[in-house]
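Open the model in a viewer and keep the selection tool at hand. The stops below say what to select next and what is there.

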Amino acid sequence: MLELGSLQPSRVRMSLAAALIYWVIISVWLAVLATVCVAFVRNPKTFGTVRLLLSVLTIDTLRNIIENCYFGLYFGGQYGLFPASIVGVLSNPNYLILPKVMNVLAACAVLGLLVLRWLPLASKERAEADADIRLKKAALSQEADESRRHA
């Protein structure tokens with residue numbers, strides 16, 4: 001663990017800022033998650049077609065919170081905000097890979113949602129829109145033909 005007393009005051013401030021920035025990031029992501037959840041609870045109907053985006057946002061928000069907690073504890077332990085024993089545990093190479101594995105899993109979950117849910121829905125909506133356009137075009141064409149016959 002670094003001894004803050006042996007560092008210059010500007011380096012102490014920078015070290016403390018480096019350790020605290022993760023907790024600022026966590027609080028911002030918690031605010032994002034809370035805002036979306038409150039909006040959903042207040043009016044779930046507005047999220048009808050946006051539920052997929054909400055799912056992606058939730059996955060990424062939770063991933064960010066967990067990852068930044070890990071590094072916030074790690075750097076906080078290095079700079080004296082938390083017990084130094086945390087650094088020994090979190091700097092274990094077997095644990096350092098966990099945030100990266102979590103990133104891969106979150107990316108796979110988001111990709112799976114996009115491929116398995118969004119793509120089929122988007123294709124279906126596109127086909128329905130094309131069919132609707134064809135029907136309206138046929139109706140307009142028929143109406144124009146009838147107008148010419150009666151004129």
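The tour goes from the whole chain to a core, then to charged pairs, a surface patch and the cysteines.

**Before starting**

This is a predicted model, in which local features need pLDDT of at least 70 and side-chain atom pairs count only at pLDDT 80 or more, while totals for chains, interfaces and linings use all residues. Residues are numbered from 1 along each chain as its sequence is written, and side-chain values use heavy atoms, with hydrogens and water left out.

**Whole chain**

Show the cartoon. The protein has four helices and zero strands, in the order α-α-α-α from the N terminus. Helices (H or I, at least four residues) and strands (E, at least two) are DSSP runs, numbered from the N terminus.

Now show the surface. About 10,700 Å² is exposed by the protein, and carbon and sulfur atoms supply 68% of it; accessible areas come from the Shrake-Rupley method with a 1.4 Å probe, and for residues only the protein chains shown count as cover. Of the 151 residues, 21% count as buried. Buried means under 20% relative accessible area, exposed over 50%, and partly exposed in between (1.4 Å probe, protein chains only).

Contacts (heavy atoms within 4.5 Å) can be sorted by sequence separation. Among those between residues at least 6 apart in sequence, 70% join residues at least 24 apart.

**The largest nonpolar core**

Select Tyr22, Tyr70, Phe71, Tyr74, Val87 and Leu90. These six residues make up the largest nonpolar core, where a nonpolar core is a set of buried Ala, Val, Leu, Ile, Met, Phe, Trp, Tyr and Cys residues joined through side-chain atoms within 4.5 Å. Helices α2 and α3 (85-90) each supply at least two residues of this core. The largest share, three residues, comes from α2. In soluble globular proteins, nonpolar side chains tend to be buried together.

Stay on Tyr70 and display its neighbours. Leaving out residues up to four places away in sequence, Tyr70 touches Leu90, Tyr95, Leu96 and Pro99.

**Along helix α2**

Which residues does Glu67 touch, not counting those up to four places away in sequence? They are Pro99, Lys100, Met102 and Asn103. Glu67 lies in helix α2 and is buried, with a relative accessible area of 12%.

Next select Asn64, also found in helix α2 (residues 51-78). Asn64 counts as buried because its relative accessibility is 10%. Measure from its C-alpha atom to that of Pro99: the two residues are 35 apart along the chain, and the atoms are separated by 9.4 Å.

**Salt bridges**

How many salt bridges does a search of the whole structure find? The search finds four, a salt bridge being a side-chain nitrogen of Lys or Arg within 4 Å of a carboxyl oxygen of Asp or Glu.

- Asp60 and Arg63: the side chains meet in a salt bridge at 2.9 Å, N to O. The pair is separated by about one helical turn because the residues are three apart in helix α2. Asp60 is partly exposed at 27%, and Arg63 is buried at 15%. Add Glu67 to the selection: Asp60, Arg63 and Glu67 are linked in a network of salt bridges.
- Asp132 and Lys136: this salt bridge spans 3.3 Å, N to O. The residues are four apart in helix α4 (residues 93-150), so about one helical turn separates them. Asp132 is partly exposed at 34%, and Lys136 is exposed at 51%.
- Asp145 and Arg148: the closest N and O atoms of this salt bridge are 2.5 Å apart. Here too the spacing is about one helical turn, because the residues are three apart in helix α4. Arg148 is exposed at 59%, whereas Asp145 is partly exposed at 31%.

**A nonpolar surface patch**

Select Val89, Tyr95, Ile97, Leu98, Val101 and Leu105. They form a nonpolar patch on the surface, with about 540 Å² of accessible area together. Patches are made of residues with over 30% relative accessible area and no salt bridge, with like charges joined within 9 Å and nonpolar side chains (Val, Leu, Ile, Met, Phe, Trp, Tyr) within 5 Å. Helix α4 gives the most to this patch, with five residues. Ile97 lies in that helix and counts as partly exposed at 45% relative accessibility.

**Cysteines**

Finish with Cys69 and Cys108. Cys69 is partly exposed at 24% relative accessibility, and Cys108 is partly exposed at 49%. A search of the whole structure finds zero disulfides, a disulfide being a pair of cysteine sulfur atoms within 2.5 Å.
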